[in-house]
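Trainee: I'm new to this one, could you walk me through it step by step?
Mentor: Gladly, and we can begin with a term that will be needed shortly.
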Amino acid sequence: MKKWVASATLLIFLMLPFLAFAGVPLDTVKTNVNSVLEVLRDPKLKGEAGKKVKEQRIMAAAEKLFDFVELSKRTLGLNWNKFTPEQRREFVELYKTILKDAYVDKITAYTNEQVNFTKEVPLSENMVEVQSSVVTKSAETPIYYRVIKKDSEWKVFDVVIEGVSLISNYRTQFREILGNNPPATLLDTLRKKVGKR
Amino acid sequence: MSRQGPTRYRESISFAGLTVCLVFLLSLSLGLSPAHGAATATDPGITTGEGFPKAEKPADETSLAPVTVQEKPSDEYGDVTEETATSGEGSTIADPIEPWNRAMYHFNDKFYFWLLKPTAQGYKYVIPETFRIIFSNFYENIMMPVRFVNNLLQGKPDYAGRELVRFVINSTVGVAGFRDVAKDGFEITGRKADFGQTLGKYGIGSGFYIVWPILGPSSPRDSVGWVGDLFLKPTSYVSSELISPEGVGLYAHEKVNYFSFHIGDYETLKKAAIDPYIAMRDAYVQYRKKLLEQ
């Protein structure tokens, strides 16, 4: 029994550095997501005026949470290299706006969903998947954030909801356009999408 | 069948059920359950995109390609490397009948906005949330045979056992499946399993993409699976015929009840998408692939 306790203690101590390392990505995502939740639950932010403030704060948190350039690169894949530097910048901005327009409304509609952060799964040396689940009264939805370490900061570059990766989903759509069109056509399509909302 | 038949059965089973339940709880705590996951079947019908060797499939999640550290950190808009570009490459599905599928997609789109959504909204307005949750749990509970049989067919008897335990607990303590006591109280969760998935595990490819009117995205394999599962759904036996007005009515109620919790989800997908048809197809492929890998 004593031996068992001793070896267990040793094991725990051996794992400590690993645990300490492992905690950072999860905490980063958790902190940012929680700050969004706080904004959503703020009773002072009601009505149309409140909604505007909410949106701004959510976007501020999103900028901290996501690496939109990395997200764009991984969405386009090798097609990214066909874009000129100016086109790349424009693409990142348009893509960000599309995501914002689609999801901020959805997020501001959330009220009493409970978000649990469950675990981290290392994907590679500098990439980790932070797993969470959103619990409502009727269902539980797994949401996984894929984060990459850049300049000692952890940033999200993909969100996987129920097994569906955000960047893969867009990649398939963009590839359809880039298959027989130049990058300018894709940018044009995105500009129209952003403009017409 | 006499009306009190099932009730009497339930009363007589409750003690036996509790014993079974205890045995399973013991086996769970002894760690018998996580003896799975090794057999990860790849889906031959879903072809992996370029640059992602198929042999690596089982390690898919973890091998998201080690990204080379960027030499020039300041140049964040620089070129992507081959490795970054092809990491986490998604899957695609053949779509030889795209014109038909697109037509059906548009039909389903109208069906949603003109009929399903208003119905679900009215239903949501009239029926209190508590009751809708009860219905949702009830339908989930009675579909146990589908998950039980398919977990067995997929060589996951531990999960089949869990489904059985869940059914016993929820049908008794949870009052005919009105509450998910097994999850809320005992933290016993089940595993989604359907016949399309079973066929996939047996190495049958999904074939190609097909959109059915009303039923939505599918493939020949998953369509066969859907019909197969129909035989295991208790709701199919409300009448002597497999497809009856009563059965369809129950199916419709189940769906309306489900959508009453999901109004706006499809709208978000559509709003976020550049081409909603492709977005939907890709989501379907990714979702099914994930279920197969579990």
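Mentor: Contact here means heavy atoms within 4.5 Å. This is a predicted model, in which local features need pLDDT of at least 70 and side-chain atom pairs count only at pLDDT 80 or more, while totals for chains, interfaces and linings use all residues. Residues are numbered from 1 along each chain as its sequence is written, chains are lettered from A and ligands numbered from 1 in the order in which they are written, and side-chain values use heavy atoms, with hydrogens and water left out.

Trainee: OK, so among contacts in chain A between residues at least 6 apart in sequence, how many join residues at least 24 apart?
Mentor: In chain A, 50% of those contacts join residues at least 24 apart.

Trainee: And what is the secondary structure of chain A?
Mentor: Chain A has six helices and five strands, where helices (H or I, at least four residues) and strands (E, at least two) are DSSP runs numbered from the N terminus. Along the sequence the pattern of chain A reads α-α-α-α-β-β-β-β-β-α-α.

Trainee: In what order do the five strands sit in the sheet?
Mentor: The order is E1-E2-E3-E4-E5 in chain A, in an open sheet with antiparallel pairing; two strands pair if DSSP finds at least two bridges between them. Strand E1 (114-124) and strand E5 (164-165) of chain A stand at the edges and have a single partner strand each, so one side of each is left without a neighbour in the sheet.

Trainee: How many bridges join E1(A) and strand E2?
Mentor: Nine bridges join E1(A) to strand E2 (residues 127-135) of chain A, in the antiparallel sense, and A:Glu120 has A:Val130 in E2(A) as its bridge partner.

Trainee: Which strands does helix H3 of chain A lie across?
Mentor: Helix H3 (residues 68-76) of chain A lies across E2, strand E3 (140-150) and strand E4 (153-161) of chain A, and runs at about 45 degrees to E4(A). For such angles, axes are lines fitted to C-alpha atoms, for helices over the stretch in contact, and angles run from 0 to 180 degrees between N-to-C directions.

Trainee: Switching to salt bridges, how many are there over all chains?
Mentor: The count over all chains comes to 22 salt bridges, a salt bridge being a side-chain nitrogen of Lys or Arg within 4 Å of a carboxyl oxygen of Asp or Glu. In chain A, a network of salt bridges links A:Asp67, A:Glu70, A:Arg74 and A:Lys150.

Trainee: What does B:Lys117 form a salt bridge with?
Mentor: B:Lys117 forms a salt bridge with B:Glu267, and their closest N and O atoms are 2.8 Å apart. This pair links distant parts of the chain, with B:Lys117 in helix H3 of chain B and B:Glu267 in helix H11 of chain B, 150 residues apart.

Trainee: Is B:Glu267 buried or exposed?
Mentor: B:Glu267 is buried, with a relative accessible area of 19%; buried means under 20% relative accessible area, exposed over 50%, and partly exposed in between (1.4 Å probe, protein chains only).

Trainee: What about B:Arg102, which residue does it form a salt bridge with?
Mentor: B:Arg102 forms a salt bridge with B:Asp275, the closest N and O atoms lying 3.0 Å apart. B:Arg102 is in helix H3 of chain B, whereas B:Asp275 is in the loop between helix H11 (265-272) and helix H12 (276-293) of chain B, 173 residues apart. B:Arg102 counts as partly exposed, at 26% relative accessibility.
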